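Reader: I am new to this structure and would like a close look at a single part of it. Could you choose the part where the prediction is most trusted, and then tell me how far that trust extends elsewhere?

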Amino acid sequence: DGSAARLKGALQLEGYTVHMQNDTGEGTSAIEQDMPAAIEGCRAFIALCSPSYAVAGSSSAREFELAETSGRPIVPVWHSGPWPPPAKQAALSDAAYVPQALGRPLVDLDLEAVLVELLGALRRVGAGPLIGGLSGQASRSLL
């Protein structure tokens, strides 16, 4: 639906460096090979959660596990479907997520409203404030 790319673009405008991968099922891409280093070096891991997020064997499942074991703050974003996503029910059932305050998933909302809540969540986990983006603050790497 393009919401992940729009969210990435909005975060980049705020001064964030954003690495993003989609589960394509087509072998190992260059970004998949670079993802472990990117996760270990990121300030926060954004989990864009849909019904198929982190199903066993998927790259999103491997990335989530690496973020957990690396001690990276995980900021879940409810993209679509039920909350929490079925494959991460145990890990995320009590987690604060975005857009929790709005009560509906990203696909049903205006990106601007979700972005405000996401920026607040990133600041709460130490991945802000920003310099150099529209907010006039420093770049931070996110996944």
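**A close look at strand β3**

Author: In this predicted model, confidence in the protein chain is highest in strand β3, residues 74–78, at a mean of 97, and lowest in strand β4, residues 141–142, at 56. Strand β3 is therefore the part examined here, because its mean of 97 is the highest in the chain.

One residue of strand β3 is Val75, and it can serve as the centre of the picture. Val75 has a relative accessibility of 5%, and it counts as buried because that value is under 20%. Leaving aside residues up to four places away in sequence, Val75 touches Phe45, Ile46, Ala47, Val98, Leu118, Ala121, Leu122 and Val125. Among these partners, Leu122 shows how sequence and space can part ways: Val75 and Leu122 are 47 residues apart in sequence, yet their C-alpha atoms lie 7.2 Å apart in space.

Aromatic rings come next. The whole structure holds three aromatic pairs. One of them joins Tyr53 and Phe64 in an edge-to-face arrangement, with 6.2 Å from centre to centre and 80° between the planes. This pair links distant parts of the chain, since Tyr53 sits in the loop between β2 (45–49) and α3 (59–69) while Phe64 belongs to helix α3, 11 residues apart. Both partners are buried, Tyr53 with a relative accessible area of 7% and Phe64 at 1% relative accessibility. Elsewhere, Trp78, Trp83 and Tyr97 form one aromatic cluster.

Two cysteines may also catch the eye. Cys42 is buried, with a relative accessible area of 5%, and Cys49 is likewise buried, with a relative accessible area of 1%. The count of disulfides nevertheless comes to zero, where a disulfide would need a pair of cysteine sulfur atoms within 2.5 Å.

As for how far the trust extends, the protein chain averages a pLDDT of 85, and 81% of the residues score at least 70. Over residues 23–27, however, the pLDDT stays under 50, and the model gives that stretch four contacts beyond four places in sequence. Residues 133–140 also have a pLDDT below 50, although this stretch has 29 contacts in the model beyond near neighbours in sequence. Where pLDDT is low, predicted coordinates should not be read in detail.

Key:
Residues numbered from 1 in each chain as written. Predicted model: local features only at pLDDT ≥ 70, side-chain atom pairs only at ≥ 80, totals over all residues. Heavy atoms only, no water. Buried < 20%, exposed > 50% of the residue type's maximum accessible area, 1.4 Å probe, protein only. pLDDT = per-residue confidence, 0-100. Helix = DSSP H or I, 4+ residues; strand = E, 2+ residues; numbered from the N terminus. Contact = heavy atoms within 4.5 Å. Phe/Tyr/Trp six-rings, centres within 6.5 Å; stacked < 30°, edge-to-face > 60°.
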